[in-house]
Amino acid sequence: MSEKSRGPKGRATAPALSLLETLRWAWRQLTSMKTALFLLLLLALAAVPGSIVPQRGVDPRAVAAYVERHPDLAPVLDKLGAFHVYTSVWFSAIYLLLMVSLIGCIVPRVGVYARALRARPPKAPRNFSRLPASATYETTADVEKVLDDAAKSLGLARKDTVTETDESGTVVAGEVRAEKGYLREFGNLVFHVSLVVVLVGVASMSLLGYRGNAIVAEGGGYSNTLTQFDEFTAGGLFDTDDLPPFSMTLDEFDSRFELEGPQRGAPRSFVAYGTVTDKPGEEPRPYELKVNHPLRVDGASVYLVGQGYAPVVRVKDGKGRVVFEDAVPFLPSDPTYTSNGVVKVPDARPTQLGFQGFFLPTGVSTGDEEIPMSAHPAAANPVLGLFAYYGDLGLDDGEAQSVYVLDKDELTQFMGDDDKPLRIILTPGESVSLPDGKGTVEFVELRQFARFQFSAQPGVMVPLWGVSIGAIGLVLSLMIRPRRTWVRARRREDGTTLVEVAALDRVPRSDVEQSVDDLTGRLKERTGHTGSSYDTVSESEAAPTSAAPTKAATTRDEA
């Protein structure tokens with residue numbers, strides 16, 4: 001043994017740990033139950049920002065709006081990974097440490113539990129009176145019958161019967177050792193394993209899955225390729241070449257709102273109708289897509305997550321050519337579906353044109369404002385308001401632009417006769433000429449659009465099964481209480497048999513005394529008794545009889 005080192009005042013100090021000892025100590029700390037519980041709590045706290053701050057992988061537009069509203073705070077949060085919490089380094093580190101801690105905790109316990117299953121119930125203590133509950137009585141039945149009745153009375157508990165015989169082969173003493181409650185630790189292990197299963201399932205969904213959004217207007221279509229997504233996020237192990245090659249059309253969108261009463265304007269029904277083609281060359285099949293009722297296509301799920309209005313806008317340039325005609329989605333910004341949108345016309349000549357404005361499903365006038373607000377989300381009086389610009393849209397710079405944002409750096413706004421920005425107000429079928437012969441803009445008709453979410457999450461049922469099985473394991477670990485019970489019998493010199501019963505709980509319980517009384521009562525009914533009973537047995541009474549046994553026999557009865 002190495003000598004202890006001496007401190008500055010001559011006091012003995014423990015020797016420094018070697019590298020291997022330090023690693024072993026760190027591993028023990030990491031795989032302890034306290035560390036696992038702490039990491040689980042830390043993971044729950046780390047997930048809180050993801051539910052408060054918008055996430056890029058879920059709603060990039062909400063992130064952009066948050067950045068615009070908080071220009072000073074947003075850069076700090078971005079550096080901390082608050083806009084992508086679940087894929088950040090610090091969240092992933094907690095996640096992995098929790099998995100390692102759980103696995104390191106479970107594996108040794110599985111070995112301990114396996115050895116416990118093979119082990120036999122322990123030997124009875126010498127003095128039953130020191131146990132929490134015990135009872136004693138006398139009977140005229142022989143020892144062998146008492147032990148046999150005790151084994152039957154203990155039911156499904158794991159049992160061992162140990163006997164001692166005299167020279168003639170008669171059983172003069174013995175005991176039944178019983179133990180139950182092995183499923184408690186099994187339930188505990190199942191619960192912890194289910195936690196690992198849930199973590200692995202969630203990780204596989206994140207790493208192997210993808211999620212994307214696309215807006216499709218009535219009469220339009222969608223092909224499941226990367227260029228068709230308005231927003232797309234995928235796990236680190238997902239290959240975009242594996243996207244299912246399906247396509248779909250949106251033939252009609254039916255939206256209904258409450259028209260009267262206190263809930264006037266509340267949504268009531270959103271249903272998308274169209275066709276879907278599972279693979280190129282196959283026949284299209286009709287679909288009816290509702291909220292919370294996804295469409296399953298080749299391993300992917302299509303959800304209806306939003307809707308709005310898409311006015312069909314036709315633009316002619318200064319030369320009279322139709323340079324733009326399409327349904328333009330305007331994104332809702334309030335419960336009345338007041339919507340904002342952008343129209344970009346890069347092919348217009350002699351200069352490019354751009355429009356930014358609003359759409360009102362049910363436009364009404366109040367005060368001096370011509371069309372200030374929408375009174376209802378249903379399209380009872382659709383109105384399109386636009387501000388027009390001309391110049392360079394910035395699309396030729398090679399930088400990606402959002403279709404919902406108009407870059408005005410190189411644009412000039414059209415002005416009205418009153419030297420104020422020109423505001424164009426259109427209803428379906430109306431058109432307005434732009435100043436200086438720059439062209440015309442027309443509100444052709446109104447369509448609706450649907451916002452679809454396309455996603456695939458391999459192993460999505462794994463966390464659900466893990467949680468379900470874990471709940472069963474937790475119930476087992478909480479409800480089952482392990483208990484050891486002993487019944488000892490020995491023949492006395494007067495021919496009677498002294499029977500001792502005792503029990504010991506491995507976890508605190510309040511019914512151990514009642515259990516001993518019930519077992520004793522059942523034994524008395526089976527074997528009979530002399531009427532003499534005692535609360536405890538002294539060591540002198542428990543001493544061996546004068547007829548010393550010369551042969552011992554052991555039998556095992558396992559339930």
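**Walking through a predicted model**

User: Glad to look at this one with you. Is Leu386 buried or exposed?

Analyst: In this predicted model, the relative accessible area of Leu386 is 1%. The cut-off for burial is under 20%, so Leu386 counts as buried.

User: Which residue that Leu386 touches lies 36 residues away in sequence, with the two C-alpha atoms 8.4 Å apart?

Analyst: Leu386 sits in strand S20 (residues 383-391). Leaving out residues up to four places away in sequence, Leu386 touches Phe330, Phe355, Gln356, Gly357, Leu422, Arg423, Ile424 and Val441. The one at 36 residues and 8.4 Å, C-alpha to C-alpha, is Leu422.

User: Which residues touch the most other members of the largest nonpolar core?

Analyst: That core holds 51 residues. Another core, of 22 residues, lies apart from it and includes Tyr137, Ala178, Val499 and Val501. In the largest core, the residues touching the most other members are Phe355 and Phe452.

User: On to the helices: how are H6 and H8 oriented to each other?

Analyst: Helix H6 (residues 89-118) and helix H8 (residues 182-208) have axes that come within 10 Å and cross at roughly 150°. Angles over 145 degrees fall in the antiparallel class, so H6 and H8 are roughly antiparallel. The contact has 22 nonpolar, 2 polar and 2 charged residues. The crossing is left-handed, and the orientation is roughly antiparallel.

User: And how are H7 and H10 oriented?

Analyst: The axes of helix H7 (residues 143-153) and helix H10 (residues 512-527) are 10 Å apart, at an angle of about 135°. H7 passes H10 in a right-handed crossing. Among the residues in contact are Lys145 and Asp149 of H7 and Arg522 and Arg526 of H10, and by class the contact has 4 nonpolar, 2 polar and 5 charged residues. An angle between 115 and 145 degrees is outside the parallel, antiparallel and perpendicular classes, so the two helices are oblique.

User: Now the loops. Which peptide bond is cis, with omega near 15°?

Analyst: Look in the loop between strand S16 (339-345) and strand S17 (352-360), where Pro350 is placed. The cis bond runs from Arg349 to Pro350.

User: What is the accessibility class of Asp298?

Analyst: Asp298 lies in the loop between S12 and strand S13 (300-317), and its phi is positive, near 50°. Asn292, in the loop between strand S11 (285-290) and strand S12 (295-297), also has a positive phi, of about 65°, and is exposed at 69% relative accessibility. For Asp298 the relative accessibility is 43%, so the class is partly exposed.

Definitions and conventions. Residues numbered from 1 in each chain as written. Predicted model: local features only at pLDDT ≥ 70, side-chain atom pairs only at ≥ 80, totals over all residues. Heavy atoms only, no water. Core = buried A, V, L, I, M, F, W, Y, C linked by side-chain atoms within 4.5 Å. Buried < 20%, exposed > 50% of the residue type's maximum accessible area, 1.4 Å probe, protein only. Axes fitted to C-alpha atoms, helices over the stretch in contact; angles between N-to-C directions. Helix = DSSP H or I, 4+ residues; strand = E, 2+ residues; numbered from the N terminus. Parallel < 35°, antiparallel > 145°, perpendicular 65-115°, else oblique. Left-handed = near helix turned anticlockwise from the far one by under 90°. Nonpolar A, V, L, I, M, F, W, Y, C, P; charged D, E, K, R; others polar. Contact = heavy atoms within 4.5 Å.
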